[in-house]
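The following exercises concern helix packing and a surface feature of one protein chain. Please study the sequence and the structure before reading each solution.

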Amino acid sequence: MHLTNKLELFPDKRVTQMLFKEVKNAAELRQCAVEGKINGALINPTMLVDPFQVLVAVNKAVNLQKIGKMKTRSLFSEIIFNLSPTNNISEAFKRFGSSDGDDSVLVVLVHNKDESQLVSDITARVSGRQVPAEELSSLTDHAKIKKLYKVTAQEEKCGTLLDAVVCRMATKDVM
């Protein structure tokens, strides 16, 4: 049900993505995350194209944490910030963070090798139906994403929407 990947650049770290639909306690979850009771990033899945997009954001966040150059206060807020094409932190939270009224949420955990306790803790907290993380693209709002990342029709002819999004995420610091 969940998707766990090892970070190639940080072999001691794992990333687990858990997707939930029909969530009834989004406001409570968001409050728990703000208070630090949930050790994970709560992301609005409609703004994501593919789980790979999240891996790019996590890799960048873990790297920035290791070198002491994060722009936000925590690893999980840095992940949300890295998903955004802009350098505006509050805008990133509005667009990519989970909102009180959301009925679906992607929980992203960053951990060492064993995640079974973390996964069961999250599953117990979320009042909703867990679905395979690979189903993320079924929730994607393509129109919103194209508008936010300013993806042109010409660009879509030579690559995928995921290519365009990841390119903008990776280059936002240099542009």
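**Exercise 1.** At what angle do helix α3 and helix α4 pack, and how far apart are their axes? Classify the arrangement and describe the contact.

*Solution.* The model is a predicted one.

Step 1. Helix α3 covers residues 75–83 and helix α4 covers residues 89–96; they pack at an angle of about 85 degrees, and their axes are 8 Å apart.

Step 2. Angles of 65 to 115 degrees count as roughly perpendicular. Therefore α3 is roughly perpendicular to α4.

Step 3. On the α3 side, the contact is made by S77, I80, F81 and L83; on the α4 side, by I89, A92, F93 and F96.

Step 4. Sorted by class, this contact of α3 with α4 holds 7 nonpolar residues, 1 polar residue and no charged residues.

**Exercise 2.** Determine how α2 is placed against α3, and which residues meet.

*Solution.*

Step 1. Helix α2, residues 51–67, packs with α3 at an angle of about 130 degrees, the axes being 8 Å apart.

Step 2. This angle makes α2 oblique to α3.

Step 3. The crossing in which α2 passes α3 is right-handed.

Step 4. From α2, the residues Q53, V54, A57, V58, K60, A61, V62, L64 and Q65 meet L75, E78, I79, N82 and L83 of α3. By class, the contact of α2 with α3 has 9 nonpolar, 3 polar and 2 charged residues.

**Exercise 3.** Describe the crossing of α6 and α8, including its handedness.

*Solution.*

Step 1. The axes of helix α6 (residues 142–149) and helix α8 (residues 161–171) cross at roughly 40 degrees and come within 11 Å.

Step 2. The crossing of α6 and α8 is left-handed.

Step 3. In α6, H142, I145, K146 and Y149 meet L161, V165, R168 and M169 in α8. These residues of the contact divide into 5 nonpolar, 1 polar and 2 charged.

**Exercise 4.** How much space lies in the largest pocket, and which elements give two or more residues to its lining?

*Solution.*

Step 1. The largest pocket holds about 500 Å³ of space.

Step 2. It is lined by 19 residues, of which A33, V34, S77, I80 and F93 are the closest to its centre.

Step 3. Two or more lining residues come from each of α1 (26–34), β3 (41–43), α3 and α4.

Step 4. By class, the lining of the largest pocket comprises 9 nonpolar, 8 polar and 2 charged residues.

Key:
Residues are numbered from 1 along each chain as its sequence is written. This is a predicted model: local features need pLDDT of at least 70, side-chain atom pairs count only at pLDDT 80 or more; totals for chains, interfaces and linings use all residues. Side-chain values use heavy atoms; hydrogens and water are left out. Axes are lines fitted to C-alpha atoms, for helices over the stretch in contact, and angles run from 0 to 180 degrees between N-to-C directions. Helices (H or I, at least four residues) and strands (E, at least two) are DSSP runs, numbered from the N terminus. Angles under 35 degrees count as roughly parallel, over 145 as roughly antiparallel, 65 to 115 as roughly perpendicular and the rest as oblique. Contact means heavy atoms within 4.5 Å. Ala, Val, Leu, Ile, Met, Phe, Trp, Tyr, Cys and Pro count as nonpolar, Asp, Glu, Lys and Arg as charged, and the others, Gly among them, as polar. On a 1 Å grid over the protein atoms alone, a cavity is a set of points where a 1.4 Å probe fits but cannot get out, and a pocket is an open set with protein on both sides within 12 Å along at least five of seven lines; lining residues have an atom within 4 Å of a point. Grid points are joined across faces, edges and corners, and a volume is the space filled by probe spheres set on the points. A crossing is left-handed if the near helix is turned anticlockwise from the far one by less than a right angle, and right-handed if clockwise.
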